[in-house]
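User: I should like to learn how to read the features of a protein model with bound ligands. Could you take me through one case?

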Amino acid sequence: MPAAPAYCDVSLPVPLDQPFTYALPETLRHRVQIGCRMIVPFGTRKLTGVVLRIHDDPPSGGVREALRLLDEEPVLGDDLLKLGRWVAAYYCAPLGETLRAMTPLAGDIRRGKIFSLTKSGREVARQLHLAASGEDDPATEILRLLDARPLSASYLTQKVPHSAALLRSLEKKGLVEAEDVAAERDPLRASSARLRVEFLGKRADEGSAGKLPKQERELLSYLELHPGSHNLATLDETIAKASPAARALARRGLVRLALEPVGGAAARFRPPHTLNPHQLLAFTAIRTALEARRFQTFLLEGVTGSGKTEVYLKAIETALALGRGALLLVPEIGLTPAVAAQFQQRFAGQVAILHSAFHDSERAQEWRRIRSGEASVVVATRSGVFAPVRNLGLIIVDEEHDQSYKQQETPRYQGRDVAIVRARDAHAAIVLGSATPSLESRHNAETGKYIRLELPERIERRPMPQVELVDMRQEFLETRKYNTFSRALIDAVTARLENGEQSMLLLNRRGFSSFVACRACGHRMECVNCSVTMTYHRRDRRLLCHYCNYSERVPERCPKCDSDHVQFLGVGSERLEDELHGLFPKARVARLDRDTVSGKHDYETILSGFREGAYDILAGTQMIAKGHDIPNVTLVGIVNADGGLGLPDFRAGERTFQLLTQAAGRAGRGETPGIVVIQTISPEHYAIRCAAAQDYEAFYAQEIEFRRQLRYPPFTSLANVLVRGRHEEEALRKSAALGRSVQPAPEGVRVLGPAIAPVARLKNEYRYQMLLKASSRKRLTEVLTKIRDFAAAEKWNPTSLVIDVDPVTLL
Ligand code: ADP
Ligand code: ZN
Ligand code: ZN
């Protein structure tokens, strides 16, 4: 046997951008491989890193020994390591932190416990919500966190001090229950909420001999009468002792227990459609590239309701038939159980779902299925772009314009763009789908870099919804009142209620009142940590900062002038719901926003309730605008179309257009045509006019001209460089020094600023920013490298410099 190498270089998740060399203990020398994770000492800590090189070159100084190898096989293959290097270089992020973001496997190192609330725990949590008071004590904090979703012990330890002892006592009180991660392997050990039970068609007398206990008999006959699989916790609500009975029956082999599929919700059965001519044309182009094993980017531009999903499904089928894997990326909020179920139904056991809302062990379980090749279709949110799909042949990025593809922490990558690079390296076909493509993608289609595929009409030639613009200035002149709802919108809702049709109402602002001010002196209540106004949330009777989550009681008197004229201004979605109850007392109203949705299940509960007709009106923030296909919705009302237009951001127009068009696209998807009412105070703005006309072409033509003239993407490469610090003077001084260090700017690069950032103070830090516009990507990277080197040479704390390449927002 040849002498095994003695050292390895490990990339660690630290801001220092270099690998570190460790000695390999004898026991590891023959086992370690490039791409495996390794635990090593670093200062006084132990860190997990990824092995990049194995060699025999002794380092010059002293060297410490690696501690433990976590994987027998690489978690990152050569292709993903290469992709990681590209991401780190392009987005100016340390490689170690990038690689860590690519391996979502924390959960399988520590095989800890997962905690969730019991029924009485949920009740207690609910009461705590109502009585929200000052600082939470740690036990309350735990209940609140668990109310959102089950969490691992290790996660809770990070969040809450002394959580282990507290969890033990909460468990004793019957408020929380623990479950071993090992439950992944033995369903009988999972909690009821995560289990499904199914009748196997065997009567008791065919199975084990003897008479069954009463509870088991009852459950069995219930299951016989109600075919299909049932969630255990749900059954517990109708049948006494259903859970223990089901477990006992499973041991007897009379029923099957299985883990709730990740993604939940049973599939609505939908047979495959025969593609219409437009769909067929698009699909054929994709199939041709797949068969040729050729890298090609397609932009699938299809109006809302044109049947893009069916094209995706057919393309995935083709990839599988060719023996290749497929990856479908969807926006954060787009990955509902209903969407997951659609794919699970079509591709059965081959689908894996990766969602950031899942806990570590669920993700690890899915990740392993992908890596082993058991799952060859992956449906995932942003970070799924790094999923180890075998023999990848097809990537689809649905709603490619969606902002959630951009990660807002290091590494600040754009998932869609990383997907294109990955497809290129894998000789795969990639499809970017949208009704409202980003300006970048559409421009690339224009220059021939992408192939444009069009679905210009809705399925079965259903008409696009008719849009009415209501000028709220005129409305005020005529009614002399600042009403939330125009007369036109009220009439439209009334008509829907009379016909038994459904309405969706969008107000892209959560909370009850968007700000609180003093009428005597004009003082606005601002967050203590951020330079932004706080929003009033009536449910909690508190003011809340939407940037840092700081909250406080509503002051009875103005903190500045002591007057008691404290006034609530601006309408948020919470108040919208309230007004709807007042205007339409008989209507059943549901609300969907970040405050009503605490976990993935609530989101689906509200949506599926609405889909099944339990509500007449769904009110909410942009959450309601995304992708939902609910045939009985014939009215979409947009309460305040101007909300985003005033923001100091070059994408304000694009975002407004996308939001309005997507929201409008929810109307009239079934057999009854739909209408849209848009309330605005700037009906002449092109983003609003074009959205009202559902005219992407007109919008694109105008917006691209604006970008060209002001030299914004896609005509320049853009980066936002932010300097932040606890002390204003320090942040100012640093940003000024950084500004000087890049002057004179190299040819082809323009430096704007440094200047005070639009949110001047955030989470207690002062912020200054500098915008770089470069004529070429290479130039931009050069300047950014200089900036990083400058900060390193000056020994800046790594968190004080944020580089955002291709930013989606400048706020
Ligand atoms: P989009 O994502 O483009 O907005 P969807 O993919 O949600 O549209 O499709 C809209 C509806 O049309 C869905 O209910 C889908 O089942 C249906 N559909 C798709 N393709 C066809 C087809 N070829 N024939 C009939 N119905 C179809
Ligand atoms: Zn005052
Ligand atoms: Zn704040």
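Analyst: The following turns treat the ligand site, the metal sites and some features of the backbone. This is a predicted model, in which local features need pLDDT of at least 70 and side-chain atom pairs count only at pLDDT 80 or more, while totals for chains, interfaces and linings use all residues. Residues are numbered from 1 along each chain as its sequence is written, chains are lettered from A and ligands numbered from 1 in the order in which they are written, and side-chain values use heavy atoms, with hydrogens and water left out.

User: How many residues surround ligand 1, and which are the closest?

Analyst: A residue is near a molecule if one of its heavy atoms lies within 4 Å of it. Here 18 residues surround ligand 1, and the closest are Thr274, Gln279, Gly305, Thr309 and Asp629.

User: What is the make-up of that shell by class, and which helix gives the most to it?

Analyst: Ala, Val, Leu, Ile, Met, Phe, Trp, Tyr, Cys and Pro count as nonpolar, Asp, Glu, Lys and Arg as charged, and the others, Gly among them, as polar. The shell around ligand 1 has three nonpolar, nine polar and six charged residues. Helices (H or I, at least four residues) and strands (E, at least two) are DSSP runs, numbered from the N terminus. Helix 13, residues 308–321, gives the most to the shell, with three residues.

User: Which polar atoms of His273, Thr274 and Gly307 lie close to atoms of ligand 1?

Analyst: A polar contact is a pair of N or O atoms within 3.5 Å; within protein, one must be able to donate a hydrogen and the other to accept it, and residues adjacent in sequence count only if both atoms are side-chain atoms. In this site, a polar side-chain atom of His273 is 2.9 Å from an oxygen atom of ligand 1. The backbone also takes part: a polar backbone atom of Thr274 lies 2.8 Å from a nitrogen atom of ligand 1, and a backbone N or O atom of Gly307 lies 3.1 Å from an oxygen atom of the ligand. On its own, ligand 1 has 570 Å² of accessible area, of which the protein covers 83%. Such areas come from the Shrake-Rupley method with a 1.4 Å probe; for residues, only the protein chains shown count as cover.

User: What are the protein donors of the zinc ion that is ligand 3, and what is the geometry of its site?

Analyst: Donors are N, O and S atoms within 2.8 Å of the metal (3.2 Å for Na, K and Ca); water is not among the atoms, so sites may look incomplete. Four donors count as tetrahedral if all angles lie between 85 and 135 degrees. The ideal angle for four tetrahedral donors is 109.5 degrees. For ligand 3, the donors are the SG atoms of Cys527, Cys530, Cys545 and Cys548, at 2.2 to 2.4 Å. The site is tetrahedral, with angles of 101 to 115° among the four donor atoms. Along the chain, these donors follow the spacing C-x2-C-x14-C-x2-C.

User: Why does the pair Cys530 and Cys545 tie together separate parts of the chain?

Analyst: Cys530 lies in the loop between strand 21 (515–518) and strand 22 (535–537), and Cys545 in the loop between strand 23 (542–544) and strand 24 (551–553), so the pair ties together parts that are 15 residues apart in sequence. Both Cys530 and Cys545 are buried, where buried means under 20% relative accessible area, exposed over 50%, and partly exposed in between (1.4 Å probe, protein chains only).

User: Which residues coordinate the zinc ion that is ligand 2?

Analyst: Ligand 2 is coordinated by the SG atoms of Cys518, Cys521, Cys558 and Cys561, at 2.2 to 2.4 Å. Its site is tetrahedral, with angles of 105 to 113° among the four donor atoms. The spacing of the donors is C-x2-C-x36-C-x2-C. Cys518 is buried, at 3% relative accessible area, whereas Cys521 is partly exposed, at 33%.

User: Where do Pro744 and Pro754 lie, and what kind of peptide bond precedes each?

Analyst: The omega angle describes the peptide bond. A cis peptide bond with omega of about -5° joins Gln743 and Pro744, and Pro744 lies in the loop between helix 25 (728–741) and strand 31 (749–762). Another cis peptide bond, with omega of about 5°, joins Gly753 and Pro754, and Pro754 is found in strand 31.

User: What is the sign of phi at Asp806, and is Asp806 buried or exposed?

Analyst: Asp806 is not a glycine, yet its phi is positive, at about 50°. Asp806 is found in the segment after strand 33 (801–805) and is buried, with a relative accessible area of 17%.

Conventions. Tetrahedral: all angles 85-135°; square planar, octahedral: opposite > 155°, others 65-115°.
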